[in-house]
Amino acid sequence: MRVETIRTYESRLPAADPHPYRTGAWTPNLVEVDAWELDVLEGEIPRDLNGVYLRNTENPLFDAISGRYHPFDGDGMLHAITFEDGKARYRNRFVRTAGLAAELAAGEPLWAGILEPPALSKRDGWGARTKMKDASSTDVIVHGGLALSTFYQCGDGYLLDPLTLAPRGKAKLEHPTFAKGATISAHPKVDPATGELLFFNYSCEAPYCHVGVADAKGALARAIPVPLPGPRLPHDMAFTARYAILGDFPLFWDPARIQEGVYRAKYHPEMTSRFGLVPRDGQGPLRWFEAAPTYVLHFSNAYEEGDEVVLEGYFQGAPVQARTPEDTPITVFMKSLDMNAMETRRHRWRFDLRTGATREEALDDACSEFPTIHAGYAGRKHRYVYAALGEPGMFLFNGFVRTDVETGTKSTYRLPKGVFASEAPFCPRDGGASEDDGYLVTFTIDVAGDASECQIFDARALERGPIARVRLPMRISSGTHATWAPLGELGAAEGRTLGAEP
Ligand SMILES: [Fe+2]
């Protein structure tokens, strides 16, 4: 392996940092590197796996402004591994956001994080809540040949070359009706049938939510208002050939506290959930369908079937966790990030377009989340879902489960104790014909061994463990979302709509 250090950053975090999401598997990386000819520790990199696996990370350089750091506040850092002809190279880079640049110039944190009151922010900023740093650390996808990095609290979409991770400016998606600093949320989607980018945003300004549609080159085609009863906290969206789908869940900032400048999410189990079917062409009415109260972080897919729109995702049995007499603010905080405590279960909602009725069914008793499918099946009926298994007590993944949704058959793989993984997208094999003909790719973090690997699994034989293990040049931090793009799809960046440099 050859490694070149590109840049080293200074951490301004406390020296003996006690924070569970800035230590251990979540220790931030301070060095940006390029590495080639990565060593294969076991197995072989398949020659028919040619593409790039990209993973975003919350990687803080500064402490929270009042010391109350939340793991979703950290600065975005992308980690990328590219496979070509059985060889691998790796890179990592911060997403060069305007917020990170300002804090590096100032030498101090400038914005209050999600657990802190916005009044503490020293500058105007971004976010649905307003006065946040747009950390661009939640999600990454590839659209129109470029990587698009986004933040769950809304901000700008940052574009990067998916292979070199060189910054390519901001996605030009602003619209006069969008709230300032809240252009795009995490979890934009690409429709493989049209190449369009579907995205949403949310804010504290009526109508509180929009769906945006950009063409295959990234130019905004339309902005569709999604009027809500008040500020809501949608995290993900889904789509079918005709509809964008958004949730209105009864977990939202307490409106009375917002007046006091406090943004505290409150769950209302007495209310229903609602799902909005938004016509993608901007024509025709938006239709709402009611469902059982819950909160959904992630959807696996949606599709149309006869007169029904079918949506699959992860129902939370406990969007807010019960408190025990032993609980402290720290234990409550830790539970709020644990998918096991949230009781996330695979679930299906069917919306009848004729009657307006919803039918819903629980599909699995076991906990999993962070689903991926073959990206070519997004928006149409899929058969296989791959999801992550959660380490009890922490936001960490300790395994994967594959589900055949037609038969309900599942297979699982658990990592060795103390080793954690990243979201593992399905990567189709070059020339693969069927939906599950491909691989899963993930980054692992071995805390005790102080090492990271990239592991490749046969998607049809997940339970057998990795078919190839590739050593990374350093232990990398755990992170949130990841994506896969075949090399053959990366030539589309020419003629792409680009926004301003940050
Ligand atoms: Fe997410």
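Two strands count as paired here when DSSP finds at least two bridges between them. Keep that in mind as you explore this predicted model.

**Stop 1: β1, β2 and β6.** Select residues 2-8 and then 31-36. These are strands β1 and β2, which run antiparallel and are joined by six bridges. Within this pair, find Glu4, which stands opposite Asp34 of β2. Now add residues 87-94, the strand β6. β2 and β6 also run antiparallel, with two bridges between them. Stay on Asp34 for a moment: its bridge partner in β6 is Arg91.

**Stop 2: helix α1.** With β6 still shown, select residues 98-106, which make up helix α1. Which residues of this helix are buried? They are Gly99, Leu100 and Glu103. Because they cover an arc of only 95 degrees around the axis, they lie on the same side of α1. Look at the other side of α1 and you will find Ala101 and Ala105, which are exposed. What do the buried residues of α1 pack against? Their packing partner is β6. Just after the helix, click on Gly107, where phi is positive, near 75 degrees.

**Stop 3: a four-stranded sheet.** Next, show β15, β16, β19 and β20, which form an open sheet in that order with antiparallel pairing. The edges are β15 (238-239) and β20 (287-291); each has a single partner strand, so one side of each is left without a neighbour in the sheet. To see how β15 is held to its partner, select residues 243-248, strand β16: two bridges join this antiparallel pair. Finish at Phe239, whose bridge partner in β16 is Ala244.

Note on methods
Residues are numbered from 1 along each chain as its sequence is written. This is a predicted model: local features need pLDDT of at least 70, side-chain atom pairs count only at pLDDT 80 or more; totals for chains, interfaces and linings use all residues. A residue is buried if 20 or more other C-beta atoms lie within 10 Å of its own, exposed if 12 or fewer, and partly exposed in between; C-beta atoms are placed from the backbone. The arc is that of the directions from the helix axis to the C-beta atoms. Two residues are in contact if their C-beta atoms, placed from the backbone, lie within 7 Å.
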